[in-house]
Amino acid sequence: MVKARKYVYVKHFNGFPKEDDLELVEEELPPLQDDEYLVEAVYLSLDPYLRSSAFKLSLGTTYIAFQVAKVVQSKNAQHPVGQHVVGNLGWRTHTICNPKTQVTPLPNYGGLPLSLALGVLGVSGLTAYFGFLEICQPQPGETVVVTGAAGAVGSVVGQIAKIKGCTVVGVAGSDEKGKWLVDDLGFDKFVNYKDKDFVTKLAEATPKGVDCFFDNVGGEVCSNVMYRMNLRGRVALCGAVSCYNDVTPSKVTNFNAPLIWNEVKVEGFIVSRWSARFGEGVQGMVRWIKEGKLKLRR
Ligand SMILES: NC(=O)C1=CN([C@@H]2O[C@H](COP(=O)(O)OP(=O)(O)OC[C@H]3O[C@@H](n4cnc5c(N)ncnc54)[C@H](OP(=O)(O)O)[C@@H]3O)[C@@H](O)[C@H]2O)C=CC1
Ligand SMILES: CCCCCC(=O)/C=C/[C@@H]1[C@@H](C/C=C\CCCC(=O)O)[C@@H](O)C[C@H]1O
């Protein structure tokens, strides 16, 4: 008999999540039926959307999260013991899956760690790859700004922009992160959004204006970058991490006028739009990692 432990959503978040909004529960799992298989979590993801999506969840459900898991018992020939899979199984240690469970067997990434399936070779990396390339359509020589630049998505966006021959400015919240972006990842410049002179520093870092803007944070930082957009610039609205736990909507500077005058194209997206092409994205990223063009923090 296997005992699973899982985090159950028991109280709606009010502001930032609190410990007692989730409860750790033990559950005895029944023996496997035909075609079922049991997986054990190896890595769990902890992503910003776990906060922004909470309002859609019913109380009593296991908290959502992607995990990399290993098949430890199986009555399903497609999922033999020892296989690794990735899927949105939630924050739980053990899960009984059946043929309808949406998990993807993990390929061997040529020696790269399986945890990357929750990072650069998973939702975060694919969000950067498709969101940036498809929506921003970067051209060599253009100026790209990415917010949340030291995060899982932003750090990949900036590196892809460098691969595409752009000048890249990362926005992050500490000088230590900025140093990592410039010295280790090859960003051209960094601006600290906590700097009291952020607006001036941003203008200094983007003397030719901004052609592509990939926004992960929303709020006033996003508004400030909108004012730097060039004629026919492109903005990919990926996330708004600064606002996910707002109890009342945050007040920000209105940026309609500069976007209208400059005929800027602004588009929000959810990465699943490109799910039929995820294999292409993973292949592209594995190639860049092996060529040393895409660096990771493991
Ligand atoms: N549209 C889609 O399909 C998807 C969207 N996303 C979104 O992408 C964004 C980035 O995700 P991910 O990289 O995984 O997250 P991470 O947690 O790795 O990074 C987020 C970064 O945001 C910065 N940040 C946090 N709070 C603020 C704030 N108040 N103002 C400005 N910056 C802030 C943090 O850096 P610092 O210390 O510098 O503040 C942090 O590095 C999120 O908004 C997420 O919801 C993710 C996946 C799919
Ligand atoms: C303003 C909020 C933007 C959130 C953007 C974001 O981080 C999206 C991440 C998705 C994530 C969504 C997960 C669950 C949504 C709840 C269930 C549903 O309505 O379908 C997941 O799909 C991976 C990222 O694409």
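In this predicted model, helix α2 supplies four residues to the lining of the largest pocket, the largest share. That pocket has a volume of about 1,500 Å³. Its lining runs to 49 residues, and those closest to the centre are Tyr49, Val123, Ser124, Thr127 and Val271. Besides α2, the elements that put two or more residues into the lining are α1 (49-52), β5 (84-87), β7 (103-105) and α8. As for chemistry, the lining splits into 29 nonpolar, 17 polar and three charged residues.

So where does this pocket sit relative to the domains? The domain assignment cuts the chain into domain 1 (2-106) and domain 2 (123-290). Both of them give residues to the pocket lining, so the pocket lies between them. The C-alpha centres of the two domains are 31 Å apart, and eight residues of domain 1 touch five residues of domain 2.

Now for the aromatics. Searching the whole structure turns up eleven aromatic pairs. Two of the pairs share Tyr63, and they look like this:

| Pair | Centre to centre | Angle between planes | Geometry |
|---|---|---|---|
| Tyr9 and Tyr63 | 5.3 Å | 75° | edge-to-face |
| Tyr63 and Trp91 | 5.7 Å | 40° | tilted |

Both pairs bring together distant parts of the chain. Tyr9 belongs to strand β1 (residues 2-9), whereas Tyr63 is in the loop between α1 and β4 (67-74), and 54 residues separate the two. Trp91, for its part, is in the loop between β5 and β6 (94-97), 28 residues away from Tyr63.

Are these three rings on buried or exposed residues? With the cut-off for buried at under 20% relative accessible area, Tyr9 qualifies at 1%. Tyr63 is buried too, at 2%. Trp91 has a relative accessible area of 17%, so Trp91 also counts as buried.

There's also an aromatic cluster to look at further along the chain. Tyr129, Phe130, Phe214, Phe269, Trp274, Phe278 and Trp288 all belong to this one group.

Two helices are worth a look for how well they are covered. Helix α3 (residues 154-163) has eight of its ten residues buried. Which residues of α3 are buried? They are Gly154, Ser155, Val156, Val157, Gly158, Gln159, Ile160 and Ala161. The cover over them includes three helices, namely α2 (123-136), α4 (175-184) and α8 (278-290), along with the strands β8 (143-147), β9 (167-172) and β11 (210-215). So α2 and α8, which help line the largest pocket, also help cover the buried residues of α3. After α3 comes Gly165, which has a positive phi, near 85°.

The other helix is α6 (residues 219-226), where seven of the eight residues are buried. Those buried in α6 are Gly219, Val221, Cys222, Ser223, Asn224, Val225 and Met226.

Notes:
Residues are numbered from 1 along each chain as its sequence is written. Chains are lettered from A and ligands numbered from 1 in the order in which they are written. This is a predicted model: local features need pLDDT of at least 70, side-chain atom pairs count only at pLDDT 80 or more; totals for chains, interfaces and linings use all residues. Side-chain values use heavy atoms; hydrogens and water are left out. Buried means under 20% relative accessible area, exposed over 50%, partly exposed in between (1.4 Å probe, protein chains only). Contact means heavy atoms within 4.5 Å. On a 1 Å grid over the protein atoms alone, a cavity is a set of points where a 1.4 Å probe fits but cannot get out, and a pocket is an open set with protein on both sides within 12 Å along at least five of seven lines; lining residues have an atom within 4 Å of a point. Grid points are joined across faces, edges and corners, and a volume is the space filled by probe spheres set on the points. Ala, Val, Leu, Ile, Met, Phe, Trp, Tyr, Cys and Pro count as nonpolar, Asp, Glu, Lys and Arg as charged, and the others, Gly among them, as polar. Domain bounds come from an automatic or database domain assignment. Rings of Phe, Tyr and Trp (its six-membered ring) pair if their centres lie within 6.5 Å; planes under 30 degrees apart count as stacked, over 60 as edge-to-face and the rest as tilted.
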